[in-house]
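Okay, thanks for making room for me this morning. Have a look at this one on the screen, and I'll talk you through how the pieces pack.

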Amino acid sequence: MIRGVISFNYLIQLSVSGTTVARQRRGATRLEHSKPTADRSAIIWGLGSVVAIALVISLFSGDDAERAELATKSSTVTADSRSDPIVNDELLESAVSPPETTEPSWQDIKVRNGDNLSLIFARAGFSDRDVYEVTRDSEGRALRKIYPGQTIGFLANTEGELMSVRHIESPLKQTIYTNEAGQYSSQLVTRDTELRTKTVGMTIESSLFLAGDDAGLSAGIIMELAAILGGVIDFALDPRVGDDIQIVYQENFLDGQKFTDGPILAASFNNNGRLVEAFRYTDSQGDVGYFAADGVSMRKAFLRAPLDFTRVSSSFNPNRLHPIYKTKRPHRGTDYAAPRGTPVYAAGDGRVVEAGYSRPNGNYVFIQHGEGFKTHYLHLNRKRVKRGERVKQGQVIGTVGSTGAATGPHLHYEFLVNGVHRNPRTVHKILPKAKSLPDSELNRFRAYIIDPVQRLASVKATSGLAGAK
Ligand SMILES: [Zn+2]
């Protein structure tokens, strides 16, 4: 999960959609996330000063789908054109067509690799003197932190003098630097996404990914589902045709369009008759985790499939005659056929006790987990860890290959309990139980999951009806 400040913002934002303008005065502390309601009035009082703000508000308010786009393009939308996009465009054209009355418009420049302010200002027709003016005090220095993909916009008066500079960091955040009699002041303008909760049901007909795709789920949500249930379900080998899945999840919307995936709130997976359910819970300390309805953590000591399951080929038959020894050797592990280079993960936290090469094993890694458990990973193309290294669950320890006695690229995975090989597919039944929520959290948890439980139940009922037809 690579998520910065902004994504944190939209992940946890409540359903508050709107524009927040935090007027920043010289010497004031920077407001990263101002509270929408508190600052509304401040906005209004701070407004008068510049046309720029009116322009920004028009770009950042209203709810038509193109506004996010507009925010990164030049536009002459004025503050009161808040109608639907089509009407808006028409208004815009008729308003703009008499050339005499053209108002100054933003000239937006995309930041490229290797760019600096000097180059960008020059491309927009402004000088190093202008760069100096905007960035000379502590407030303006923030403008020096620019990254490829961001946008720097310029607004000049009819004499061609620079009046405002805007730094669009994302559709959710921009800063406007405004020239007031030779001094620049800055305003931070932030937006919040609107969180919507969705519930979907699906049945696997060929693959989990196709079922998810048919149900309108993004690949990201399916990967998240697999991560949540990865201690309980082997997504490479367990899913079966006919398996039912229901998911309650959230999406972040901006201007009526999906902006990003939000979290999964609840998931139910009927895997070949075995029902697995997980609920997202934020405990009274603010820690987030996924738990079964009885409060047992979904985070287990071991992953079921210690590799990127999306790349495992389902047509692989682990019970074949051994291709090299031509006998049906007792098979002491699980084989996952996957393309060379597929990432292999540490099944659990532990320490690498061996990382080497032998003729039968090829490149191999052995990991010790606590006292009694050990996992083996054979035929690796590359090893990514060294002997003695500590590893975390899910950490990439190597890649799938066909080194040693293997005809094709696959991961041979073994699980040992007190030195004895166990079937990795069934060993979980004898492993220590996962952590449960403490009694002090249980009542709160039960209240917390009432809504998602009902949502899951209603989608099950609906898909049951659909299936009965
Ligand atoms: Zn094998």
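Let me start with a small one: which residue in S6 is the bridge partner of glutamate 180? It's glutamine 183. Before I go further, keep in mind that this is a predicted model.

So, that pair belongs to strands S5 and S6, which run antiparallel and are joined by 8 bridges. The hairpin they make has 2 residues between the strands, and alanine 181 takes a positive phi there, near 50°. Now, S6 itself: 9 of its 10 residues are buried, so this strand is largely enclosed by the rest of the structure.

Next door, helix H7, residues 128-135. Its buried residues are Asp130, Val131 and Val134. Those three span an arc of only 105° around the axis, which puts them on the same side of H7. Flip to the other side of the helix and you get Asp128 and Arg129, both exposed. And what sits over the buried residues? The cover includes helix H6 (117-123) plus strands S4 (162-170), S5 (173-180) and S6 (183-192).

Okay, on to the open sheet. It has 5 strands, in the order S7-S8-S9-S10-S11, with antiparallel pairing. S7 (194-203) and S11 (288-291) are the edge strands, each pairing on one side only. From one strand to the next, the twist averages 25°. If you zoom in on S10, residues 274-282, you'll find it joined to S11 by 4 bridges, again antiparallel. Tyrosine 281 is the one opposite glycine 289 in S11. Helix H9 packs on this sheet, touching S8, S9, S10 and S11, and its direction makes about 40° with that of S9.

That helix brings me to the cores. The largest nonpolar core has 59 residues, and the members touching the most others are Leu225, Leu229, Ala267, Ala278, Leu307 and Tyr377. H9, residues 219-229, supplies the largest share, 6 residues. Where does this core lie relative to domains 2 and 3? Domain 2 (194-300 + 434-468) and domain 3 (309-430) both contribute residues, so the core lies between them.

If you want one residue to click on, take leucine 307. Setting aside neighbours within four places in sequence, its contacts are Val312, Tyr336, Ala338, Thr342, Pro343, Val344, Tyr345, Val400 and Leu411. There's also a second, separate core of 17 residues, with Leu117, Ile152, Leu155 and Tyr184 among them.

That's my tour, happy to rotate the view for anyone.

Notes. Residues are numbered from 1 along each chain as its sequence is written. This is a predicted model: local features need pLDDT of at least 70, side-chain atom pairs count only at pLDDT 80 or more; totals for chains, interfaces and linings use all residues. A nonpolar core is a set of buried Ala, Val, Leu, Ile, Met, Phe, Trp, Tyr and Cys residues joined through C-beta atoms within 7 Å. A residue is buried if 20 or more other C-beta atoms lie within 10 Å of its own, exposed if 12 or fewer, and partly exposed in between; C-beta atoms are placed from the backbone. Domain bounds come from an automatic or database domain assignment. Two residues are in contact if their C-beta atoms, placed from the backbone, lie within 7 Å. The arc is that of the directions from the helix axis to the C-beta atoms. Two strands pair if DSSP finds at least two bridges between them. Axes are lines fitted to C-alpha atoms, for helices over the stretch in contact, and angles run from 0 to 180 degrees between N-to-C directions.
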